[in-house]
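Notebook open, viewer open. I'm going through charges, rings and a few backbone spots, one entry at a time.

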Amino acid sequence: MKGEKFHAIVVGAGMSGNAAAYAMAMRGLKVLQLERGEYPGSKNVQGAILYADALEKIIPDFRDDAPLERHLVEQRFWIMDGASHTGIHYRSDDFNERRPNRYTIIRAQFDRWFSAKVREAGCTVLCETLATRLKQDLRGNVTGVYTDRPGEAISADVVVLAEGVNGFLGTRGRLRETPKPDSVALAVKEMHFLPEDVIAERFGLTADEGCVIEAGGTISRGVPGLGFLYTNKESISIGIGCLVSGLAAAMERPYDLLEAFKHHPSIRPLIAGSEVKEYAAHLIPEGGFTAIPQLFGNGWVVVGDAAQLNNTAHREGSNLAMTSGYLAGKAIADVKDRGGSMVKSNLALYKSMLDSSFVIKDLMKHKEMPRFLHANSQNLFVSYPKLISKAAQSFVRVDGNSKLDKEKATSAAFLKARSRWGLISDAVRLARAWR
């Protein structure tokens, strides 16, 4: 590719990078996509949730051949202590619709499928290629990238940084700061393989129905974090993600937390007899709206996890990544169609589109949530889960003691752990953060 110039270079072949490359290639732009893995998705062995609406806007007929696992009909939210869980379940036959709303997927398979669509659209995809640094002129304008392959830099009118939350191109080029430990979480996951009929029986599923469990409480040992379990066709993705700064302060190892989560009495029966074949760790942006960096400049835009676009309050990531990548690609193609250059003032169109989408609106709405979770971790992930379990057990256990006496004892325990006004304050702050 020596001497060859592209309209755009996309660094990364994840959700956001594929969406950006596809959007531009479909508009006739000459696009190069770089992926450091052996193939797109080779670095993503974990299962995940796909939000159909975001992908449907990009590839309307994706259901015809995409490698989808199960469509989700049930969501479980658990608050856990060492021996129990208190939960809310929502299940609806409405989700057995003709075009389901959410699916579980295995990223290694899905990313490879998405990349094939990108190639079909006309994009050049170059794998096993690491982009080592940005090519910049004397004014700092981005004009391409250098790679670990022999030869000169590859030139382009614009570079799309879809390199993930811990990507270093943007930080080396001084386009954004290195994410701070209190704005990223480390998630560790395992894939547990079981026969399809066993999974269906354990979770009460039929056909391609799926179930998700998301859990918080003492499982993270006071560190802000959540455990999760996703049902795939013949496997279960199970993991736990915790704030990096919290892990460091508590001197906890993510793998130890995952082991404890797997052996919890509420989780152990669900994965009993399974064969573990894959383990992965992944950094997730958790800083929310206030952590979003500058999203565009002369010759560059940043999308997906690299842009800290993750909704902590609703545990959404893939839809934000795909939407941001698609809008970036669309904005770049619009600027190109108007005969404009890829300067900051023109690429501001991407930010304008993003601001008008659900992505920024939702992140703005819940911008206080990350701060609230981090500041109240001991109450939310230790004290309250234990007290909720104690109150629930007191309600259902019949042992000859007065219910009135039990209620008084439970109330006293809550007030001892947190003053009455403290409880009210936490409730108000949580409501405000959620609102």
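Which residues gather in a patch of negative charge on the surface? I looked, keeping in mind that this is a predicted model. The patch consists of Glu196, Asp197, Glu201, Asp208 and Glu234.

**Entry: Glu234**

I went to Glu234 next, as a member of that patch. Glu234 sits in the loop that runs between strand E13 (225-231) and strand E14 (235-243). Its relative accessible area is 47%, so I have Glu234 down as partly exposed. A patch member needs over 30% relative accessible area and no salt bridge, and the 47% of Glu234 fits the area part of that.

**Entry: helix H5**

I then picked Val198, which is in helix H5 (residues 196-203). Val198 is partly exposed, because its relative accessibility is 22% and the buried class stops under 20%. I also checked a distance from here: Val198 and Arg253 are 55 residues apart along the chain, and their C-alpha atoms are separated by 31 Å.

**Entry: positive phi**

I went looking for positive phi in residues other than glycine. Ala207 turned up, with phi near 50 degrees. I found Ala207 in the loop between H5 and strand E12 (209-217). With a relative accessible area of 65%, Ala207 is exposed.

Arg221 also came up: it is not a glycine, yet its phi is positive at about 55 degrees. Arg221 belongs to the loop between E12 and E13. I noted Arg221 as partly exposed, at a relative accessible area of 38%.

**Entry: Gly239**

Is Gly239 buried or exposed? I got a relative accessible area of 0%, so Gly239 is buried. Strand E14 is where Gly239 is found. I took a C-alpha to C-alpha distance to Pro254 as well: Gly239 and Pro254 are 9.4 Å apart in space and 15 residues apart in sequence.

**Entry: aromatic pairs**

How many aromatic pairs does the structure hold? I have 7. One of them is Tyr90 with Phe95, an edge-to-face pair with 6.1 Å centre to centre and 90 degrees between the planes. Both partners came out as partly exposed: Tyr90 has a relative accessibility of 47%, and Phe95 has 25%.

I then pulled up Trp113 and Phe114, a tilted pair with 6.0 Å centre to centre and 40 degrees between the planes. Why tilted? The 40 degrees between these planes is neither under 30, which would be stacked, nor over 60, which would be edge-to-face, so tilted is the class that remains. Trp113 is buried at a relative accessible area of 10%, and Phe114 is buried too, at 0%. I followed the rings outward and found a cluster: ring pairs link Phe110, Trp113 and Phe114.

**Entry: salt bridges**

Side chains of opposite charge can pair when their charged atoms come close. How many salt bridges does a search of the whole structure find? I count 22 from that search, and I opened a few.

Glu56 with Arg63 has its closest N and O atoms 3.0 Å apart. Glu56 is partly exposed at 21% relative accessibility. That class applies because buried means under 20%.

Glu74 and Arg76 meet through their side chains at 2.7 Å, N to O. I checked the cover on each side of this bridge: Glu74 is buried, with a relative accessible area of 6%, and Arg76 counts as buried at 11%.

Glu190 with Lys262 was my next stop, the closest N and O atoms being 2.9 Å apart. Glu190 lies in strand E11 (residues 184-193) and Lys262 in helix H7 (residues 254-262), so this bridge ties together parts that are 72 residues apart in sequence. Glu190 is buried at 4% relative accessibility. Lys262 is buried as well, with a relative accessible area of 10%.

For the last item I looked for bridges with shared partners. Arg27, Lys330, Asp334 and Asp337 are joined that way into one network.

Note on methods: Residues are numbered from 1 along each chain as its sequence is written. This is a predicted model: local features need pLDDT of at least 70, side-chain atom pairs count only at pLDDT 80 or more; totals for chains, interfaces and linings use all residues. Side-chain values use heavy atoms; hydrogens and water are left out. Patches are made of residues with over 30% relative accessible area and no salt bridge: like charges are joined within 9 Å, nonpolar side chains (Val, Leu, Ile, Met, Phe, Trp, Tyr) within 5 Å. Accessible areas come from the Shrake-Rupley method with a 1.4 Å probe; for residues, only the protein chains shown count as cover. A salt bridge is a side-chain nitrogen of Lys or Arg within 4 Å of a carboxyl oxygen of Asp or Glu. Lys and Arg count as positive and Asp and Glu as negative; His and the chain ends are not counted. The place of a charge is taken as NZ of Lys, CZ of Arg, CG of Asp or CD of Glu. Helices (H or I, at least four residues) and strands (E, at least two) are DSSP runs, numbered from the N terminus. Buried means under 20% relative accessible area, exposed over 50%, partly exposed in between (1.4 Å probe, protein chains only). Rings of Phe, Tyr and Trp (its six-membered ring) pair if their centres lie within 6.5 Å; planes under 30 degrees apart count as stacked, over 60 as edge-to-face and the rest as tilted.
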